Amino acid sequence: MPKQQATNLSDPRLLRLILRIGAPAILGLSANAINQLIDALWITRLSPIAMAGVGIAFPVIILMTATTAGIGVAISGEIGRRLGRNDTSGAQSVALTAIILAIALSVVIGLGIGSYVDVILPVFGASTETFPIAKLYITVLLWGLPIMTFQIIADYVALGSGNSRRSMQTLLACFGLNIVLDPIFIFGFGWGVTGAALATVAGQLLACCIYIVWFRKGTLRLYPFAGSVASAHVRNLVRFAPPVVVVNLLMAFSFVVLLSGMARLAGDVHVAALAFDLRLATLIMIPVQGLALGAQAAISHAHGHCKPLRANHLIHLTLALSVGTGLILTCLVVAGGRFLFPIMIPAPAMQQAAATMFPYFAVFIIGSCAYIPLLSGFRATDRALFSAVVALAPNGYVMVPLILLLPLVWGLSGLLWAIALSGVVTAVIAGVLHLIMLSRSSVTVTAAPADTA
(Lines give C-alpha, C1' and ligand atoms only; values in the text may rest on other atoms or scores of the structure.)
Protein backbone atom coordinates (compact mmCIF):
# COMPACT_ATOMS: atom_id res chain seq x y z
CA MET A 1 0.00 0.00 0.00
CA PRO A 2 1.58 3.34 -1.01
CA LYS A 3 2.47 5.75 1.74
CA GLN A 4 0.23 8.75 2.13
CA GLN A 5 2.22 11.97 1.93
CA ALA A 6 1.66 14.98 4.13
CA THR A 7 0.71 18.23 2.44
CA ASN A 8 3.63 20.39 1.28
CA LEU A 9 3.39 23.31 3.72
CA SER A 10 5.86 25.34 1.62
CA ASP A 11 3.54 25.45 -1.42
CA PRO A 12 3.68 29.04 -2.77
CA ARG A 13 0.07 28.83 -4.00
CA LEU A 14 -1.48 30.01 -0.75
CA LEU A 15 -5.18 29.72 -1.61
CA ARG A 16 -4.62 26.23 -2.97
CA LEU A 17 -2.64 25.32 0.15
CA ILE A 18 -5.37 26.57 2.52
CA LEU A 19 -8.07 24.71 0.63
CA ARG A 20 -6.00 21.56 0.33
CA ILE A 21 -5.06 21.39 4.00
CA GLY A 22 -8.27 22.98 5.30
CA ALA A 23 -10.83 21.02 3.28
CA PRO A 24 -10.05 17.65 4.90
CA ALA A 25 -10.13 19.28 8.34
CA ILE A 26 -13.49 20.85 7.47
CA LEU A 27 -14.90 17.53 6.32
CA GLY A 28 -13.57 15.67 9.34
CA LEU A 29 -14.82 18.16 11.92
CA SER A 30 -18.08 18.68 10.04
CA ALA A 31 -18.64 14.96 10.41
CA ASN A 32 -18.55 15.57 14.16
CA ALA A 33 -21.12 18.36 13.90
CA ILE A 34 -23.37 16.28 11.66
CA ASN A 35 -23.04 13.39 14.08
CA GLN A 36 -23.96 15.65 17.01
CA LEU A 37 -26.99 16.98 15.17
CA ILE A 38 -28.19 13.51 14.15
CA ASP A 39 -27.62 12.39 17.72
CA ALA A 40 -29.84 15.27 18.84
CA LEU A 41 -32.52 14.30 16.31
CA TRP A 42 -32.71 10.77 17.74
CA ILE A 43 -32.63 11.93 21.36
CA THR A 44 -35.31 14.55 20.68
CA ARG A 45 -37.53 11.74 19.42
CA LEU A 46 -37.23 10.09 22.82
CA SER A 47 -38.61 13.27 24.45
CA PRO A 48 -37.73 16.94 24.99
CA ILE A 49 -36.79 15.98 28.57
CA ALA A 50 -34.19 13.52 27.23
CA MET A 51 -32.71 16.28 25.05
CA ALA A 52 -32.70 18.64 28.03
CA GLY A 53 -30.83 16.03 30.13
CA VAL A 54 -28.16 15.63 27.46
CA GLY A 55 -27.97 19.42 27.20
CA ILE A 56 -27.35 19.71 30.94
CA ALA A 57 -24.50 17.22 30.51
CA PHE A 58 -22.80 19.42 27.90
CA PRO A 59 -20.83 21.67 30.29
CA VAL A 60 -19.70 18.58 32.21
CA ILE A 61 -18.28 17.17 28.97
CA ILE A 62 -16.44 20.45 28.42
CA LEU A 63 -14.90 20.07 31.89
CA MET A 64 -13.88 16.51 31.04
CA THR A 65 -12.02 17.54 27.88
CA ALA A 66 -10.76 21.03 28.86
CA THR A 67 -7.21 19.94 29.61
CA THR A 68 -7.07 17.70 26.55
CA ALA A 69 -8.15 20.54 24.28
CA GLY A 70 -5.49 22.81 25.77
CA ILE A 71 -2.73 20.27 25.20
CA GLY A 72 -4.06 19.56 21.71
CA VAL A 73 -3.96 23.20 20.61
CA ALA A 74 -0.47 23.60 22.08
CA ILE A 75 0.88 20.49 20.38
CA SER A 76 -0.57 21.42 16.98
CA GLY A 77 1.32 24.71 16.85
CA GLU A 78 4.51 23.25 18.36
CA ILE A 79 4.63 20.40 15.84
CA GLY A 80 4.09 22.82 12.94
CA ARG A 81 6.90 25.10 14.13
CA ARG A 82 9.33 22.19 14.63
CA LEU A 83 8.59 20.74 11.22
CA GLY A 84 9.10 24.23 9.80
CA ARG A 85 12.65 24.03 11.25
CA ASN A 86 13.05 20.47 9.87
CA ASP A 87 13.14 19.09 13.44
CA THR A 88 11.16 15.89 12.81
CA SER A 89 12.57 14.00 15.80
CA GLY A 90 11.63 16.91 18.08
CA ALA A 91 8.08 16.89 16.70
CA GLN A 92 7.83 13.15 17.35
CA SER A 93 9.02 13.59 20.93
CA VAL A 94 6.55 16.44 21.55
CA ALA A 95 3.69 14.31 20.27
CA LEU A 96 4.50 11.32 22.49
CA THR A 97 4.91 13.57 25.52
CA ALA A 98 1.53 15.18 24.88
CA ILE A 99 -0.27 11.84 24.49
CA ILE A 100 1.06 10.43 27.77
CA LEU A 101 0.46 13.67 29.67
CA ALA A 102 -3.10 14.09 28.39
CA ILE A 103 -4.17 10.51 29.16
CA ALA A 104 -2.71 10.65 32.68
CA LEU A 105 -4.53 13.90 33.41
CA SER A 106 -7.79 12.56 31.94
CA VAL A 107 -7.81 9.70 34.45
CA VAL A 108 -7.41 12.12 37.35
CA ILE A 109 -10.10 14.46 35.97
CA GLY A 110 -12.50 11.60 35.32
CA LEU A 111 -12.17 10.32 38.88
CA GLY A 112 -12.76 13.81 40.26
CA ILE A 113 -15.88 14.50 38.19
CA GLY A 114 -17.28 11.02 38.83
CA SER A 115 -16.96 11.50 42.57
CA TYR A 116 -18.98 14.72 42.58
CA VAL A 117 -21.40 14.25 39.67
CA ASP A 118 -24.41 14.11 42.03
CA VAL A 119 -23.47 17.54 43.36
CA ILE A 120 -22.47 19.03 40.01
CA LEU A 121 -25.61 18.31 38.00
CA PRO A 122 -28.16 20.16 40.19
CA VAL A 123 -25.84 23.18 40.22
CA PHE A 124 -25.69 22.98 36.42
CA GLY A 125 -29.47 23.28 36.17
CA ALA A 126 -30.66 19.66 36.27
CA SER A 127 -34.25 19.27 37.42
CA THR A 128 -35.70 16.18 39.08
CA GLU A 129 -36.68 14.93 35.60
CA THR A 130 -33.43 15.65 33.77
CA PHE A 131 -31.01 14.62 36.56
CA PRO A 132 -31.11 10.81 36.04
CA ILE A 133 -30.82 11.22 32.27
CA ALA A 134 -27.81 13.52 32.52
CA LYS A 135 -26.11 11.25 35.08
CA LEU A 136 -26.49 8.14 32.91
CA TYR A 137 -25.09 9.94 29.88
CA ILE A 138 -22.10 11.36 31.76
CA THR A 139 -21.27 8.10 33.55
CA VAL A 140 -20.79 6.23 30.28
CA LEU A 141 -18.63 9.03 28.83
CA LEU A 142 -16.49 9.11 31.99
CA TRP A 143 -15.61 5.42 31.52
CA GLY A 144 -14.59 6.20 27.96
CA LEU A 145 -12.66 9.40 28.80
CA PRO A 146 -9.13 7.97 28.21
CA ILE A 147 -10.29 6.77 24.79
CA MET A 148 -11.75 10.20 24.00
CA THR A 149 -8.52 11.86 25.16
CA PHE A 150 -6.26 9.76 22.95
CA GLN A 151 -8.50 10.36 19.94
CA ILE A 152 -8.48 14.15 20.41
CA ILE A 153 -4.70 14.42 20.90
CA ALA A 154 -3.95 12.09 18.00
CA ASP A 155 -6.15 14.24 15.77
CA TYR A 156 -4.22 17.38 16.74
CA VAL A 157 -0.98 15.51 15.96
CA ALA A 158 -2.25 14.72 12.48
CA LEU A 159 -3.40 18.30 11.85
CA GLY A 160 -0.24 19.88 13.26
CA SER A 161 1.95 17.73 11.00
CA GLY A 162 -0.02 18.68 7.89
CA ASN A 163 -1.80 15.32 7.64
CA SER A 164 -5.29 16.78 7.57
CA ARG A 165 -6.41 14.06 5.16
CA ARG A 166 -5.58 11.42 7.75
CA SER A 167 -7.57 13.40 10.31
CA MET A 168 -10.50 13.63 7.92
CA GLN A 169 -10.52 9.90 7.13
CA THR A 170 -10.29 8.93 10.79
CA LEU A 171 -13.01 11.33 11.92
CA LEU A 172 -15.31 10.20 9.11
CA ALA A 173 -14.87 6.60 10.28
CA CYS A 174 -15.37 7.60 13.93
CA PHE A 175 -18.52 9.64 13.46
CA GLY A 176 -19.84 7.39 10.68
CA LEU A 177 -19.87 4.46 13.09
CA ASN A 178 -21.50 6.65 15.74
CA ILE A 179 -24.27 7.67 13.34
CA VAL A 180 -24.92 4.04 12.38
CA LEU A 181 -24.97 2.80 15.98
CA ASP A 182 -27.15 5.62 17.37
CA PRO A 183 -30.58 4.32 16.28
CA ILE A 184 -29.54 0.73 16.99
CA PHE A 185 -28.42 1.44 20.54
CA ILE A 186 -31.06 4.08 21.37
CA PHE A 187 -34.16 2.39 19.93
CA GLY A 188 -33.13 -1.10 18.72
CA PHE A 189 -31.70 -2.18 22.07
CA GLY A 190 -33.89 0.25 24.02
CA TRP A 191 -30.92 1.85 25.81
CA GLY A 192 -32.08 5.46 25.35
CA VAL A 193 -29.50 8.15 26.15
CA THR A 194 -27.14 5.48 27.52
CA GLY A 195 -27.12 4.00 24.03
CA ALA A 196 -26.28 7.40 22.55
CA ALA A 197 -23.27 7.68 24.88
CA LEU A 198 -22.14 4.13 24.09
CA ALA A 199 -22.32 4.84 20.36
CA THR A 200 -20.08 7.88 20.93
CA VAL A 201 -17.47 5.82 22.80
CA ALA A 202 -17.56 3.07 20.14
CA GLY A 203 -16.82 5.59 17.39
CA GLN A 204 -13.94 7.08 19.36
CA LEU A 205 -12.51 3.61 20.02
CA LEU A 206 -12.45 2.95 16.27
CA ALA A 207 -10.61 6.25 15.71
CA CYS A 208 -8.04 5.31 18.36
CA CYS A 209 -7.37 1.99 16.65
CA ILE A 210 -6.81 3.74 13.31
CA TYR A 211 -4.39 6.23 14.85
CA ILE A 212 -2.46 3.51 16.72
CA VAL A 213 -1.88 1.67 13.44
CA TRP A 214 -0.80 4.94 11.81
CA PHE A 215 1.61 5.79 14.61
CA ARG A 216 3.19 2.35 14.89
CA LYS A 217 3.68 1.78 11.18
CA GLY A 218 5.23 5.19 10.71
CA THR A 219 3.74 5.48 7.24
CA LEU A 220 3.55 9.26 7.52
CA ARG A 221 6.08 11.96 8.29
CA LEU A 222 5.25 11.94 11.97
CA TYR A 223 5.13 8.79 14.08
CA PRO A 224 5.19 9.71 17.78
CA PHE A 225 5.88 6.21 19.05
CA ALA A 226 9.39 6.63 17.64
CA GLY A 227 10.00 9.67 19.85
CA SER A 228 10.89 10.13 23.50
CA VAL A 229 9.29 11.84 26.47
CA ALA A 230 11.04 15.01 27.66
CA SER A 231 10.27 17.39 30.52
CA ALA A 232 11.24 20.32 28.27
CA HIS A 233 8.32 19.47 26.00
CA VAL A 234 5.97 19.47 28.98
CA ARG A 235 7.08 23.03 29.77
CA ASN A 236 6.49 24.11 26.18
CA LEU A 237 3.03 22.56 26.15
CA VAL A 238 2.20 24.17 29.48
CA ARG A 239 3.03 27.56 28.00
CA PHE A 240 0.13 27.47 25.55
CA ALA A 241 -2.20 24.90 27.13
CA PRO A 242 -3.41 26.88 30.21
CA PRO A 243 -5.16 29.67 28.25
CA VAL A 244 -7.10 27.06 26.28
CA VAL A 245 -7.89 25.10 29.45
CA VAL A 246 -9.12 28.28 31.13
CA VAL A 247 -11.16 29.05 28.01
CA ASN A 248 -12.88 25.68 28.27
CA LEU A 249 -13.47 26.09 31.99
CA LEU A 250 -15.01 29.50 31.35
CA MET A 251 -17.06 27.98 28.53
CA ALA A 252 -18.37 25.36 30.93
CA PHE A 253 -19.18 28.06 33.48
CA SER A 254 -20.94 30.24 30.92
CA PHE A 255 -23.03 27.28 29.75
CA VAL A 256 -23.88 26.46 33.36
CA VAL A 257 -25.15 30.01 33.87
CA LEU A 258 -26.91 29.90 30.50
CA LEU A 259 -28.61 26.54 31.06
CA SER A 260 -29.57 27.21 34.67
CA GLY A 261 -30.88 30.65 33.67
CA MET A 262 -32.89 29.11 30.85
CA ALA A 263 -34.30 26.47 33.20
CA ARG A 264 -35.27 29.17 35.70
CA LEU A 265 -36.77 31.60 33.18
CA ALA A 266 -38.44 29.21 30.72
CA GLY A 267 -38.30 25.55 31.86
CA ASP A 268 -36.97 22.23 30.56
CA VAL A 269 -38.50 22.51 27.07
CA HIS A 270 -36.51 25.68 26.42
CA VAL A 271 -33.39 23.99 27.83
CA ALA A 272 -33.92 21.22 25.27
CA ALA A 273 -34.39 23.81 22.50
CA LEU A 274 -31.24 25.62 23.60
CA ALA A 275 -29.26 22.36 23.52
CA PHE A 276 -30.60 21.63 20.04
CA ASP A 277 -29.73 25.12 18.74
CA LEU A 278 -26.22 24.75 20.15
CA ARG A 279 -25.71 21.64 18.05
CA LEU A 280 -27.15 23.30 14.98
CA ALA A 281 -24.84 26.30 15.51
CA THR A 282 -21.92 23.90 15.90
CA LEU A 283 -22.74 22.39 12.52
CA ILE A 284 -22.26 25.84 10.98
CA MET A 285 -19.21 26.84 13.03
CA ILE A 286 -17.18 23.64 12.86
CA PRO A 287 -16.43 23.98 9.11
CA VAL A 288 -14.97 27.39 9.96
CA GLN A 289 -13.03 25.91 12.88
CA GLY A 290 -11.78 23.12 10.63
CA LEU A 291 -10.60 25.60 8.01
CA ALA A 292 -8.76 27.67 10.64
CA LEU A 293 -7.31 24.61 12.33
CA GLY A 294 -6.10 23.17 9.04
CA ALA A 295 -4.57 26.48 7.98
CA GLN A 296 -2.85 26.79 11.36
CA ALA A 297 -0.31 24.13 10.35
CA ALA A 298 0.66 26.17 7.27
CA ILE A 299 0.83 29.41 9.30
CA SER A 300 2.99 27.74 11.96
CA HIS A 301 5.26 26.38 9.24
CA ALA A 302 5.67 29.84 7.68
CA HIS A 303 6.39 31.35 11.09
CA GLY A 304 8.98 28.65 11.78
CA HIS A 305 10.65 29.57 8.47
CA CYS A 306 10.69 33.26 9.55
CA LYS A 307 8.31 34.33 6.76
CA PRO A 308 5.90 36.78 8.45
CA LEU A 309 4.52 38.08 5.16
CA ARG A 310 3.51 34.58 4.07
CA ALA A 311 2.00 33.87 7.50
CA ASN A 312 -0.14 37.03 7.35
CA HIS A 313 -1.35 36.29 3.83
CA LEU A 314 -2.44 32.85 5.03
CA ILE A 315 -4.30 34.39 7.99
CA HIS A 316 -6.13 36.89 5.76
CA LEU A 317 -7.14 34.29 3.19
CA THR A 318 -8.42 32.03 5.96
CA LEU A 319 -10.36 34.95 7.45
CA ALA A 320 -12.05 35.75 4.13
CA LEU A 321 -12.98 32.11 3.52
CA SER A 322 -14.29 31.68 7.08
CA VAL A 323 -16.51 34.77 7.09
CA GLY A 324 -17.89 33.94 3.65
CA THR A 325 -18.67 30.35 4.63
CA GLY A 326 -20.29 31.37 7.91
CA LEU A 327 -22.48 34.04 6.32
CA ILE A 328 -23.76 31.71 3.62
CA LEU A 329 -24.57 28.82 5.97
CA THR A 330 -26.17 31.06 8.62
CA CYS A 331 -28.38 32.84 6.09
CA LEU A 332 -29.53 29.52 4.67
CA VAL A 333 -30.58 28.21 8.10
CA VAL A 334 -32.31 31.46 9.14
CA ALA A 335 -34.15 31.73 5.81
CA GLY A 336 -35.31 28.10 5.87
CA GLY A 337 -35.99 27.92 9.60
CA ARG A 338 -39.78 27.76 9.37
CA PHE A 339 -39.47 24.61 7.20
CA LEU A 340 -36.38 23.17 8.87
CA PHE A 341 -37.34 23.11 12.55
CA PRO A 342 -40.68 21.27 12.12
CA ILE A 343 -38.84 18.56 10.18
CA MET A 344 -36.13 18.12 12.81
CA ILE A 345 -38.16 18.54 16.02
CA PRO A 346 -41.40 16.60 16.60
CA ALA A 347 -42.61 18.49 19.71
CA PRO A 348 -44.40 21.75 18.69
CA ALA A 349 -43.41 23.66 21.85
CA MET A 350 -39.76 22.79 21.36
CA GLN A 351 -40.00 23.71 17.66
CA GLN A 352 -41.23 27.18 18.50
CA ALA A 353 -38.60 27.73 21.18
CA ALA A 354 -35.73 26.60 18.95
CA ALA A 355 -36.87 28.73 16.01
CA THR A 356 -37.23 31.82 18.24
CA MET A 357 -33.76 31.46 19.76
CA PHE A 358 -31.72 30.61 16.68
CA PRO A 359 -31.43 34.18 15.21
CA TYR A 360 -29.46 35.15 18.32
CA PHE A 361 -27.12 32.24 17.67
CA ALA A 362 -26.80 33.44 14.07
CA VAL A 363 -25.33 36.75 15.24
CA PHE A 364 -22.88 34.88 17.48
CA ILE A 365 -21.88 32.59 14.60
CA ILE A 366 -21.03 35.50 12.29
CA GLY A 367 -18.85 37.09 14.95
CA SER A 368 -17.16 33.74 15.59
CA CYS A 369 -16.33 33.33 11.91
CA ALA A 370 -14.30 36.54 12.18
CA TYR A 371 -12.38 35.85 15.39
CA ILE A 372 -11.67 32.10 15.01
CA PRO A 373 -9.16 32.43 12.11
CA LEU A 374 -7.47 35.39 13.80
CA LEU A 375 -7.15 33.34 16.99
CA SER A 376 -5.54 30.50 15.03
CA GLY A 377 -3.14 33.04 13.56
CA PHE A 378 -2.12 34.27 17.01
CA ARG A 379 -1.52 30.70 18.19
CA ALA A 380 0.43 29.71 15.09
CA THR A 381 2.71 32.76 15.22
CA ASP A 382 3.59 32.23 18.90
CA ARG A 383 1.65 35.26 20.22
CA ALA A 384 0.53 33.75 23.49
CA LEU A 385 -0.78 36.99 25.03
CA PHE A 386 -2.98 37.94 22.05
CA SER A 387 -4.18 34.34 21.85
CA ALA A 388 -5.19 34.36 25.52
CA VAL A 389 -6.97 37.73 25.28
CA VAL A 390 -9.14 36.57 22.36
CA ALA A 391 -9.69 33.02 23.58
CA LEU A 392 -10.87 34.16 27.01
CA ALA A 393 -13.38 36.65 25.59
CA PRO A 394 -16.40 34.80 24.09
CA ASN A 395 -17.06 32.52 27.04
CA GLY A 396 -15.21 34.51 29.67
CA TYR A 397 -14.81 38.19 30.42
CA VAL A 398 -17.24 39.20 27.65
CA MET A 399 -20.02 36.61 27.86
CA VAL A 400 -20.15 35.93 31.60
CA PRO A 401 -20.93 39.54 32.65
CA LEU A 402 -23.51 39.77 29.85
CA ILE A 403 -25.19 36.52 30.92
CA LEU A 404 -25.30 37.64 34.53
CA LEU A 405 -26.49 41.22 33.95
CA LEU A 406 -28.72 41.36 30.86
CA PRO A 407 -31.35 38.88 32.13
CA LEU A 408 -31.83 41.11 35.17
CA VAL A 409 -33.05 43.85 32.81
CA TRP A 410 -34.66 42.00 29.89
CA GLY A 411 -35.26 38.47 31.22
CA LEU A 412 -35.12 35.73 28.60
CA SER A 413 -34.36 38.19 25.79
CA GLY A 414 -31.39 39.48 27.77
CA LEU A 415 -30.07 35.95 28.13
CA LEU A 416 -30.25 35.43 24.36
CA TRP A 417 -28.73 38.83 23.57
CA ALA A 418 -25.77 37.90 25.78
CA ILE A 419 -25.04 35.03 23.39
CA ALA A 420 -25.25 37.25 20.31
CA LEU A 421 -23.19 40.14 21.66
CA SER A 422 -20.37 37.94 22.98
CA GLY A 423 -19.50 36.84 19.44
CA VAL A 424 -19.58 40.35 18.00
CA VAL A 425 -17.53 41.95 20.79
CA THR A 426 -14.91 39.17 20.58
CA ALA A 427 -14.58 39.71 16.81
CA VAL A 428 -13.92 43.42 17.41
CA ILE A 429 -11.26 42.62 20.04
CA ALA A 430 -9.55 40.12 17.71
CA GLY A 431 -9.58 42.59 14.84
CA VAL A 432 -7.97 45.33 16.93
CA LEU A 433 -5.24 42.97 18.16
CA HIS A 434 -4.56 41.78 14.62
CA LEU A 435 -4.12 45.38 13.45
CA ILE A 436 -1.67 45.92 16.31
CA MET A 437 0.23 42.81 15.23
CA LEU A 438 0.42 44.07 11.65
CA SER A 439 1.58 47.51 12.68
CA ARG A 440 4.33 46.04 14.84
CA SER A 441 5.66 43.88 12.04
CA SER A 442 5.11 46.60 9.39
CA VAL A 443 3.17 44.12 7.29
CA THR A 444 -0.12 44.81 5.52
CA VAL A 445 -2.42 42.56 3.60
CA THR A 446 -1.32 44.16 0.30
CA ALA A 447 2.40 44.31 1.09
CA ALA A 448 3.34 41.74 -1.56
CA PRO A 449 1.68 39.46 -4.12
CA ALA A 450 0.56 36.17 -2.59
CA ASP A 451 2.64 34.11 -5.00
CA THR A 452 5.85 35.72 -3.76
CA ALA A 453 5.05 35.57 -0.03
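This passage describes helix packing, salt bridges, a surface patch and several residue pairs in a predicted model.

Two packed helices are described by the angle between their axes and the distance between the axes. Helix 2 spans residues 48-84, and helix 9 spans residues 268-304. Their axes come within 12 Å. The crossing angle is roughly 5°. Angles under 35 degrees count as roughly parallel. Helix 2 and helix 9 are therefore roughly parallel to each other. The residues in this contact are of mixed character: twelve are nonpolar, ten are polar and three are charged.

Two residues of helix 2 were examined individually. S76 is found in helix 2. Its relative accessibility is 1%, so S76 counts as buried. In sequence, S76 and Q296 are 220 residues apart. In space, their C-alpha atoms are 8.1 Å apart. I62 also lies in helix 2. The relative accessible area of I62 is 6%, and the residue is therefore buried. The partner considered for I62 is L249, 187 residues away along the chain. A distance of 7.3 Å separates the C-alpha atoms of I62 and L249.

Charged pairs come next. Side chains of opposite charge can pair when their charged atoms come close. The count for this model comes to two salt bridges. A salt bridge here requires a side-chain nitrogen of Lys or Arg within 4 Å of a carboxyl oxygen of Asp or Glu.

One salt bridge joins R279 and D39. Their closest N and O atoms are 3.2 Å apart. The pair links distant parts of the chain, with R279 in helix 9 and D39 in helix 1, which covers residues 14-46. The two residues are 240 residues apart. Buried means under 20% relative accessible area. R279 has a relative accessibility of 11%, so R279 counts as buried. D39 has a relative accessibility of 2%, so D39 counts as buried too.

D118 forms a salt bridge with K135. Here the closest N and O atoms are 2.9 Å apart. D118 sits in helix 3 (residues 88-123), and K135 sits in helix 4 (residues 131-143). This pair also links distant parts of the chain, at 17 residues apart. Partly exposed residues fall between the buried limit of 20% and the exposed limit of 50%. D118, at 42% relative accessibility, therefore counts as partly exposed. K135, at 29%, is likewise partly exposed.

Attention then turned to helix 6 and helix 7. Helix 6 runs over residues 164-188, and helix 7 runs over residues 192-217. A173 has its place in helix 6. The relative accessible area of A173 is 25%, so this residue is partly exposed. A173 and G203 lie 30 residues apart in sequence. Their C-alpha atoms are 7.4 Å apart in space. T200 is found in helix 7. With a relative accessible area of 13%, T200 is buried. T200 and N178 are 22 residues apart in sequence. From C-alpha to C-alpha, T200 and N178 are 5.5 Å apart.

A nonpolar patch appears on the surface. Its area is about 450 Å². Five residues make the patch: V180, I184, F189, W191 and L198. One of these residues, F189, lies in the loop between helix 6 and helix 7. The relative accessible area of F189 is 47%, so F189 is partly exposed.

Note on methods: Residues are numbered from 1 along each chain as its sequence is written. This is a predicted model: local features need pLDDT of at least 70, side-chain atom pairs count only at pLDDT 80 or more; totals for chains, interfaces and linings use all residues. Side-chain values use heavy atoms; hydrogens and water are left out. Axes are lines fitted to C-alpha atoms, for helices over the stretch in contact, and angles run from 0 to 180 degrees between N-to-C directions. Helices (H or I, at least four residues) and strands (E, at least two) are DSSP runs, numbered from the N terminus. Angles under 35 degrees count as roughly parallel, over 145 as roughly antiparallel, 65 to 115 as roughly perpendicular and the rest as oblique. Ala, Val, Leu, Ile, Met, Phe, Trp, Tyr, Cys and Pro count as nonpolar, Asp, Glu, Lys and Arg as charged, and the others, Gly among them, as polar. Patches are made of residues with over 30% relative accessible area and no salt bridge: like charges are joined within 9 Å, nonpolar side chains (Val, Leu, Ile, Met, Phe, Trp, Tyr) within 5 Å. Accessible areas come from the Shrake-Rupley method with a 1.4 Å probe; for residues, only the protein chains shown count as cover. Buried means under 20% relative accessible area, exposed over 50%, partly exposed in between (1.4 Å probe, protein chains only).
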